[in-house]
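Open the structure in your viewer and keep the selection tool at hand. This tour goes from the whole chain to a few single residues, one selection at a time.

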Amino acid sequence: MTLPSPLFDKLRLPLIGSPLFIVSGPELVIAQCKAGIVGSFPALNARPQALLDEWLHRITEELSAHNRDNPDRPAAPFAVNQIVHKSNDRLEADLMTCAKWQVPIVITSLGAREDLNTAVHGWGGITLHDVINDRFARKAIEKGADGLIPVAAGAGGHAGTQSPFALVSEIREWFDGPVVLSGAIGNGRSILAAQACGADLAYMGSAFIATTEANADAAYKQGIVDGRAADIVYSSLFTGVHGNYLRGSIEAAGLDPDNLPEGDYKTMDFGTGNGSKSKAWRDIWGSGQGIGAVTASTSVAEFVDKLEAEYRAAKADLLSKVK
């Protein structure tokens, strides 16, 4: 693998639980890491800003305690997502808090900054950057990102439109570092498929919304369980950047999912809490097209057990076909 070692050698599955707006908090992250996959959350979920310090303290302490008590199955590392957009006036303060706790992985979105990558490297962490095409991927690496998260068609939240096969293939023509594929990944077979097409890890978010530890409304969780790919709407209205959302939540807001106006990137904020628009769309629920694989709401531990069984079965099936 091209992944930095020993950071990823504790993983039970080649999987990162992606950061989910509002939904990802300490409970979800800790459960994911204890289950053996990378857990992550957006820094902006901790509000007010001072709460971020408390969250990182709790995550660090609980994972350290788990490792002391379970030396044979240590926790996976965790990650914090930073929105690198001008609307985020918390970025510098949040980065300082991450430095205090030496966050091992920082995921950057909506902008790449060389100084941020340098800062993370300064405390021994690595950075992974969200990209939707090859051009943005090249810019991210030029500015010092360690790895890339190609966000392909069907991913939840902000997502691109390119096929995962095309996007990963173009990136692999010139980049041999860490690649984490995002886009409609909802089961263990899809994790193996991500590796087969050239990624090192898979990036899964929507399926974790339905778990017990997720900070999501009961109706949101049920929407993930009941939903199918046809229930996902792609729109730029809510943040100014195109993303995928549950049709039912759009209808509940009194909007026609099939006739949504375009959003304005220049005037939108991205959940910083400073603008009225992000508050107005709080109950518009992000989701990817992979939710058809989610059939029940379970604990993270149970869900990761299921993913591992599916992953191993898919690998065995594949090996039997190539013999």
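Before you select anything, one cut-off is needed: a residue counts as buried when its relative accessible area is under 20%, as exposed when that area is over 50%, and as partly exposed in between. Keep in mind, too, that this is a predicted model.

**The whole protein**

Start with everything shown as a cartoon. You should find 12 helices and 11 strands. The radius of gyration is 18 Å, close to the 20 Å that the globule rule gives for 323 residues, so the protein is as compact as a globular protein of that length. Turn the C-alpha trace along its principal axes and it spans about 50 × 45 × 40 Å.

Now switch on the surface. Its accessible area comes to about 14000 Å², and carbon and sulfur atoms account for 52% of that. Beneath it, 54% of the 323 residues count as buried. How far along the sequence do the contacts reach? Among those between residues at least 6 apart in sequence, 65% join residues at least 24 apart. If you colour by charge, you will have 29 positive and 37 negative charges to look at, and their mean positions are 1 Å apart.

**Helix H1**

Select residues 26-34, which form helix H1. Is this helix mostly covered or mostly open? It is mostly covered, with 7 of its 9 residues buried. To see them, show the side chains of Pro 26, Leu 28, Val 29, Ile 30, Ala 31, Gln 32 and Cys 33.

Next, bring up the surroundings of H1. Its buried residues pack against strands E1 (15-17), E2 (39-42) and E3 (78-83), and against helices H2 (50-69), H8 (206-209) and H12 (300-322). Following H1 is Gly 36, with a positive phi near 105°.

**The loops on either side of H1**

Step back to the loop between E1 and H1 and pick Ile 22. Its phi is positive, about 70°, although Ile 22 is not a glycine.

From there, go to Asn 45 in the loop between E2 and H2. Asn 45 has a relative accessible area of 12%, so it is buried. What covers this residue's neighbourhood? Leaving aside neighbours within four places in sequence, Asn 45 is in contact with Leu 20, Phe 21, Ile 22, Val 23, Ser 24 and Trp 55. Ile 22, your previous stop, is one of these partners.

Stay in the loop between E2 and H2 and select Pro 48. The peptide bond that joins Arg 47 and Pro 48 is cis, with omega about 0°.

**Helix H3**

Select residues 91-100 for helix H3, then show its buried residues: Leu 91, Asp 94, Leu 95, Thr 97 and Cys 98. Look down the helix axis: these residues fall within an arc of 160°, so they line one face of H3. An α-helix has 3.6 residues a turn, so residues three or four places apart point the same way.

Which residues are exposed on the face turned away from the buried side of H3? They are Met 96 and Lys 100. On the buried side, H3 packs against H2, E3 and helix H4 (114-122). Just after H3, stop at Gln 102, where phi is positive, about 50°.

**Strand E4 and the loop after it**

Move on to Thr 108 in strand E4. With a relative accessible area of 4%, Thr 108 is buried. Not counting residues up to four places away in sequence, Thr 108 touches Asn 81, Gln 82, Val 84, Leu 116, Leu 128, His 129 and Asp 130.

Then select Leu 110, in the loop between E4 (105-109) and H4. Leu 110 is another residue to check for backbone angles: its phi is positive, near 60°, and it is not a glycine. At 22% relative accessibility, Leu 110 counts as partly exposed.

**Last stop: Val 294**

Finish in the loop between helix H11 (276-280) and H12, where you will find Val 294. Is Val 294 buried or exposed? At 5% relative accessibility, Val 294 counts as buried. Its contacts, apart from neighbours within four places in sequence, are Ala 207, Ala 210, Ile 224 and Val 225. Draw a C-alpha to C-alpha distance from Val 294 to Ala 207: the two are 87 residues apart in sequence and 6.2 Å apart in space.

Methods:
Residues numbered from 1 in each chain as written. Predicted model: local features only at pLDDT ≥ 70, side-chain atom pairs only at ≥ 80, totals over all residues. Heavy atoms only, no water. Helix = DSSP H or I, 4+ residues; strand = E, 2+ residues; numbered from the N terminus. Rg over C-alpha atoms; globule rule 2.2 N^0.38 Å. Buried < 20%, exposed > 50% of the residue type's maximum accessible area, 1.4 Å probe, protein only. Contact = heavy atoms within 4.5 Å. Areas by Shrake-Rupley, 256 points an atom, 1.4 Å probe, with all protein chains shown as cover. Lys, Arg positive; Asp, Glu negative; His and termini not counted. Charge placed at Lys NZ, Arg CZ, Asp CG, Glu CD. Arc of directions from axis to C-beta.
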